[in-house]
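Colleague: I should like a close look at a single part of this model, explained for a first-year student. Please begin with the overall build and then turn to the part itself.

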Amino acid sequence: MAIEHQKEFSRLTTVGQLLGSTGAITVYTCPAHFEAEVQMLLVNNLHSGVVDLTAKAVISSTDIPIVTTYSMAVDQILDVLNSRPIGLKAADTIVATAGTSSKLNVVITVREIYIG
């Protein structure tokens with residue numbers, strides 16, 4: 001009797017983006033045919049003053065707040081998830097909003113798992 005084994009394919013991806021406006025910006029979208037585990041979400045304030053940060057996950061078209069209007073100090077680096085991963089399915093997103101344009105930089109590390 002032949003037993004079929006499905007080999008799991010996963011990849012570790014890191015993306016970074018400067019929040020160039022004060023509107024909501026999608027910084028990560030889980031690709032089709034994948035599930036994703038957001039392992040790290042760092043934000044740093046590049047500005048000479050305090051900048052507000054708001055971040056959310058959009059899971060199955062539902063907004064899930066991660067950070068609601070957090071005032072980031074000058075040169076602060078915030079570990080948004082505090083080592084607590086978030087699971088996403090295809091088309092789910094991570095969205096961030098900066099109180100001042102071009103002053104917050106976001107870096108996300110994600111393990112993407114192919115599900116077919």
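Colleague: How many helices and how many strands does the protein have? After that, please examine aspartate 92: where is it found, and which residues does it touch?

Modeller: The protein has nine strands and zero helices; both are DSSP runs numbered from the N terminus, with at least four residues (H or I) for a helix and at least two (E) for a strand. This is a predicted model, in which local features need pLDDT of at least 70, side-chain atom pairs count only at pLDDT 80 or more, and totals for chains, interfaces and linings use all residues. Residues are numbered from 1 along each chain as its sequence is written, and side-chain values use heavy atoms, with hydrogens and water left out.

Read from the N terminus, the elements run β-β-β-β-β-β-β-β-β. Along the principal axes, the C-alpha atoms occupy a box of roughly 65 × 25 × 20 Å. Of the 116 residues, 33% are buried (under 20% relative accessible area with a 1.4 Å probe and protein chains only; exposed is over 50%, and partly exposed lies in between). Among contacts (heavy atoms within 4.5 Å) between residues at least 6 apart in sequence, 80% join residues at least 24 apart.

Aspartate 92 lies in the loop that joins strand S7 (86–89) to strand S8 (93–98). Aspartate 92 is buried but has no salt bridge, a term for a side-chain nitrogen of Lys or Arg within 4 Å of a carboxyl oxygen of Asp or Glu. The nearest side chain of opposite charge belongs to lysine 89, 7.3 Å away. What does the side chain of aspartate 92 reach at 3.0 Å? At that distance lies the backbone nitrogen of serine 60. If residues up to four places away in sequence are set aside, aspartate 92 touches Tyr28, Thr29, Cys30, Val58, Ile59 and Ser60.

The partner, serine 60, sits in the loop between S4 and S5. Serine 60 counts as exposed because its relative accessibility is 57%, whereas aspartate 92 is buried. Although serine 60 is not a glycine, its phi is positive, at about 50°. Serine 61 is found in the loop between S4 and S5 as well and has a positive phi of about 70°, again without being a glycine. With a relative accessible area of 73%, serine 61 is exposed.

The loop of aspartate 92 also holds alanine 90, placed between S7 and S8. At 37% relative accessibility, alanine 90 is partly exposed. Alanine 90 and isoleucine 59 are 31 residues apart in sequence, yet their C-alpha atoms are 9.3 Å apart in space. Not counting residues up to four places away in sequence, alanine 90 touches Cys30, Pro31, Ala32, His33 and Phe34.

Phe34 leads on to the aromatic residues. The structure holds two aromatic pairs. Phenylalanine 9 and phenylalanine 34 have ring centres 6.4 Å apart and planes at 70°, so this pair is edge-to-face (rings of Phe, Tyr and Trp, the last by its six-membered ring, pair if their centres lie within 6.5 Å; planes over 60 degrees apart are edge-to-face, under 30 stacked and the rest tilted). Phenylalanine 9 lies in the segment before strand S1 (10–18) and phenylalanine 34 in strand S3 (residues 34–45), 25 residues apart. Phenylalanine 34 is buried, at 8% relative accessible area, while phenylalanine 9 is partly exposed, at 43%. Phenylalanine 34 also pairs edge-to-face with tyrosine 114, with ring centres 5.5 Å apart and planes at 75°. Tyrosine 114 belongs to strand S9 (residues 104–114), 80 residues from phenylalanine 34, and is partly exposed at 39% relative accessibility. Phe9, Phe34 and Tyr114 thus form one aromatic cluster.

Finally, there is the interior. In soluble globular proteins, nonpolar side chains tend to be buried together. Here the largest nonpolar core (buried Ala, Val, Leu, Ile, Met, Phe, Trp, Tyr and Cys joined through side-chain atoms within 4.5 Å) has 28 residues, and Leu53, Ile94 and Ile108 have the most contacts inside it. S3 supplies the largest share of this core, five residues.

Technical notes: Lys and Arg count as positive and Asp and Glu as negative; His and the chain ends are not counted. A polar contact is a pair of N or O atoms within 3.5 Å; within protein, one must be able to donate a hydrogen and the other to accept it, and residues adjacent in sequence count only if both atoms are side-chain atoms.
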